[in-house]
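Visitor: I am new to this structure, and I would like to hear how its descriptions are justified.

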Amino acid sequence: MMTAVTVTMTAVTVTMTGVTVMVTAVGGTVMAVTDSRGVYRMLEPSSAVNAPVRDPRQVLAAAARLFYERGWMMGTAGNLSLRLADGTFWITASGKQKGRLQPEDFLRVATGGEVVERGRAEDRPSAETSIHEAIYRLFPEAWACFHVHSIPGNVAARLTADDSLRLPPLEMIKGLGVWEEEPEIDLPVFRNHAHVPRIAEEMASRFQAEPPRVPGFLIRDHGLTAWGRDADAALNHVELFEYIFGYMAAARTVGLP
Ligand SMILES: [Zn+2]
């Protein structure tokens with residue numbers, strides 16, 4: 001059940017020792033700091049003082065390397081994004097090798113798809129930018145969104161012809177935010193339309209009517225998209241989903257339902 005809340009959001013620009021810093025606060029709590037080099041850090045209320053400064057592009061490149069090494073982001077497949085306090089988000093440029101991304105391989109995109117910052121003049125945002133944009137529009141709590149193409153994910157989506165996939169009641173489901181005993185979770189599965197914005201539209205209209213119980217979905221014969229409140233949470237969710245998909249594929253090979 002989604003609840004509407006009203007918050008006061010303020011952004012203050014402060015210049016200290018030559019570096020301009022934008023501080024974003026929600027309801028009096030400092031949430032994020034962005035300096036004039038574009039270095040951004042999101043702060044947890046409890047760790048506001050000691051949070052490390054990390055360039056979001058380096059955070060995304062590190063996640064992509066990890067996914068590449070696990071075989072979930074082979075070649076140029078997949079895309080990753082991280083949203084900033086101003087509502088824009090960094091996303092992988094189209095056609096980049098995911099095992100060796102550099103900061104210039106990302107673009108910063110505003111709501112509506114306009115590129116506001118890019119590493120190279122000729123680069124275009126990922127073909128699946130419309131999906132990331134829809135996720136951020138639908139889920140205010142989502143600050144990072146990762147999309148991978150894995151073999152277990154594609155095998156799992158083939159285990160049903162339906163538009164959702166019943167997940168086994170594994171302990172790992174708790175990490176996706178469901179703490180029920182014997183949970184009955186149906187993971188949404190979408191058709192892999194060649195025109196990606198059509199996938200984003202179908203996903204948005206379905207999730208507006210019924211928000212998903214877990215932070216992710218599958219596109220059949222394509223891959224997983226998962227999100228979280230920061231890059232670590234999104235990465236954790238991808239790992240949990242991939243574990244579950246791997247289990248489902250392995251269970252079938254030994255005759256389990
Ligand atoms: Zn894809």
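Guide: Strand β10 (residues 164-167) and strand β11 (residues 185-190) pair in the antiparallel sense over four bridges, and R166 stands opposite D186 in β11. This is a predicted model, in which local features need pLDDT of at least 70, side-chain atom pairs count only at pLDDT 80 or more, and totals for chains, interfaces and linings use all residues. Residues are numbered from 1 along each chain as its sequence is written.

Visitor: What makes β11 and β12 a pair?

Guide: Two strands pair if DSSP finds at least two bridges between them; two bridges join β11 to the parallel strand β12 (residues 216-219), where V189 has L218 as its bridge partner. Between β11 and β12 the chain passes through helix α4 (residues 196-209), in a right-handed β-α-β crossover, meaning that, with the strands pointing away from the viewer, the path from the first strand over the helix to the second runs clockwise.

Visitor: How do you know that the span of α4 agrees with the expected one?

Guide: The expected span is 1.5 Å times one less than the number of residues; for the 14 residues of α4 this gives 20 Å, and the end C-alpha atoms are 21 Å apart, which agrees.

Visitor: Why are the buried residues of α4 said to lie on the same side?

Guide: The buried residues of α4 (20 or more other C-beta atoms within 10 Å of their own C-beta, placed from the backbone) are I199, A200 and M203. They lie on the same side of α4 because they cover an arc of only 95 degrees around the axis, taken from the directions from the helix axis to the C-beta atoms.

Note on methods. A residue is buried if 20 or more other C-beta atoms lie within 10 Å of its own, exposed if 12 or fewer, and partly exposed in between; C-beta atoms are placed from the backbone.
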